[in-house]
Amino acid sequence: EAAKEGEMPILLSRRFEFLNGVSMTRFPLPAGTKATDELPDTSAQATKMSCRNLCLQWPAGVMPRPSVMPEYAEALGDVRMQGVDTTPAPADKTVTAQTQFAPASPVAPPSFRASCERVYFDGIGDLIFMVGTPAAPVVVKHDQKGESSAQQFCYQRKTQTLTMPSDGPKQMVIRPDAMAPGGEKKTEGPESINLGAGETIISWSGILSREIRRLPRPGQADRVKEILTLHDNVLIEQPASGMKMSAARIQVVRDNNTGAVEYLETLGAADASLGELKAKAESISVDMGYDAKGVMTKNIITVTGSRTIERKALLFMQGSGVRADKFVIDRMHNTFLSYGGAVAKVNVPEPEKKEPKPETAQAAGGLVKSFSFEAGGDLFLQCDGEFSQDSRTQTVVVKENVLIRLGTLQLLADEVHLTLAEAPATGRDAGA
């Protein structure tokens, strides 16, 4: 009758409330399944949720069904979820001797578990909130990716943006990528930082933000980057490799498909241990690049102090140390460069004992004494200008008001060029 009189019907949203001990199970059905068909056993792929109270609301004019997301949903009281992650892993087209003729073996999807005090879904804003308490924070565990705990999670499905906006102690554990073909590492190079190479533990107490950025390339697929930023008392450590980094703020840029770390920056009372190299400064950055096969082609470490707060950059390696305003270390080409003057203490090993020279040879050296740095002990070096080392040419250059002291030997000059007797044994010795 309302339609006959020209009035439009008023569509109302549909709201469902379930109270006092709610349990919900969702499982997939094969395509084309009818209501009269016998349901297959898909319990292995089921997703389960339990809570005290549950509210679901669909928009006006939409029939509630599992394939349509509600515009509002909220679960309260001891919320627990578990299921399997059916998201397909990124395809890896790398062909190796182990995978070229090997038959494709099915891989069981990893399972996940989550617990919190409240879950809120805003369909219009595409936001999912998971809220805990200081005594019982939100805990999310994934068999393949790792686990994380915080007081609050905020996730956007379409943009894949994740934030943890509340203050308080947080922890994240990143596990090795078990899906890598043949168990091979996808990132290789001298002292490479790979958060998927071993179990990585990250702890912090401030805000976390994770975003996905797409970099368009003409005629090619977009490059997708994951940017992870952590604030306040940040600590990243890998027990297996001995890597440890701490700072007030750390930002990590990774390739979203391979998981390879391409850039890492620490800011504010930065402290890092990368193998035998240890650094302390106001900021430390690591810039890495890889070729199409995942082999590292760039590995540049920049250690910078702060003149504002009078904090110098410090490097330590194998009993030696150096202090300056800034260091740039290229681990691929074994080069080392410092700026703003440098003060260094180098541990010089004791030389091998040699047979005494015959009397005639000793007499020949009586007029001019020998000049040698082979006395052993600590070599002290100071300059106001550039201090650099190039292991490819085995040369060291020191400029401006140079002072070199070793034992009783002292050298003063405006510029000194040294030629090393031997090249460092490995790339780790660059900058020693």
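This tour moves through a predicted model, from the whole chain to selected strands and residue pairs.

**The whole chain**

Begin with the entire chain in cartoon view. It contains one helix and 26 strands. Of its 432 residues, 34% are buried. With a surface displayed, the accessible area comes to about 26,000 Å², and carbon and sulfur atoms account for 54% of that area. Contacts that span the sequence are well represented: of those between residues at least 6 apart, 56% join residues at least 24 apart.

**Colouring by confidence**

Next, colour the chain by pLDDT. The average is 80, and 76% of the residues score at least 70. Select residues 91-105, where the pLDDT is below 50; the model gives this stretch nine contacts beyond near neighbours in sequence. Then select residues 360-371, where pLDDT again stays under 50. For this second stretch there are two contacts beyond four places in sequence. Where pLDDT is low, the predicted coordinates should not be read in detail.

**Strand β8 and its partners**

Now select strand β8, residues 138-142. Which strands pair with β8? On one side of the pairing list is strand β6 (residues 111-122), joined to β8 by four bridges in an antiparallel arrangement. Within this pairing, Ser115 has Val139 of β8 as its bridge partner. The other is strand β9 (residues 146-150), which also runs antiparallel to β8 and is joined to it by five bridges. Show His142 and Gly146 of β9 to find two residues that stand opposite each other. Strands β8 and β9 form a hairpin, with three residues between them.

Centre the view on Val138, which lies in β8. Is Val138 buried or exposed? Val138 is buried, because its relative accessible area is 0%, and the cut-off for burial is under 20%. Leaving aside neighbours within four places in sequence, Val138 contacts Ser115 and Cys116, a group running from Met130 to Gly132 that comprises Met130, Val131 and Gly132, and also Ser148, Ser149, Ala150, Gln151, Gln152 and Phe153. A distance label between the C-alpha atoms of Val138 and Glu117 should read 7.6 Å, although the two residues are 21 apart along the chain.

**Along strand β6**

Move to Tyr120, which is found in strand β6. Tyr120 counts as partly exposed, with a relative accessibility of 22%. Beyond four places in sequence, Tyr120 touches Tyr72, Ala73 and Glu74, as well as Leu127, Ile128 and Phe129. The C-alpha atoms of Tyr120 and Met130 lie 6.6 Å apart, with ten residues separating the pair in sequence.

Remaining in β6, select Arg118 together with Glu74. Their side chains meet in a salt bridge, at 2.7 Å from N to O. Because Arg118 lies in strand β6 and Glu74 in strand β5 (residues 72-84), the pair ties together parts that are 44 residues apart in sequence. Arg118 is partly exposed at 30% relative accessibility, whereas Glu74 is buried at 15%.

**Salt bridges between β15 and β16**

A search of the whole structure finds 20 salt bridges. To view two others, select Asp255 and Lys225, whose closest N and O atoms are 3.8 Å apart in a salt bridge. This pair links distant parts of the chain: Asp255 belongs to strand β16 (residues 243-255) and Lys225 to strand β15 (residues 220-238), 30 residues apart. Both Asp255 and Lys225 are buried.

Then select Glu226 and Arg254, whose side chains meet in a salt bridge at 2.9 Å, N to O. Here too the pair links distant parts of the chain, with Glu226 in strand β15 and Arg254 in strand β16, 28 residues apart. Both Glu226 and Arg254 are buried. Finally, add Arg223 and Glu262 to the display with Lys225 and Asp255: salt bridges that share partners join these four residues into one network.

**The cysteines**

For the last stop, show the cysteine side chains. How many disulfides are there? The count comes to zero. Among the cysteines to inspect, Cys55 counts as buried at 8% relative accessibility. Cys154 also counts as buried, at 12%.

Terms used. Residues numbered from 1 in each chain as written. Heavy atoms only, no water. Buried < 20%, exposed > 50% of the residue type's maximum accessible area, 1.4 Å probe, protein only. Contact = heavy atoms within 4.5 Å. Areas by Shrake-Rupley, 256 points an atom, 1.4 Å probe, with all protein chains shown as cover. Disulfide = S-S within 2.5 Å. pLDDT = per-residue confidence, 0-100. Pairing = 2+ DSSP bridges.
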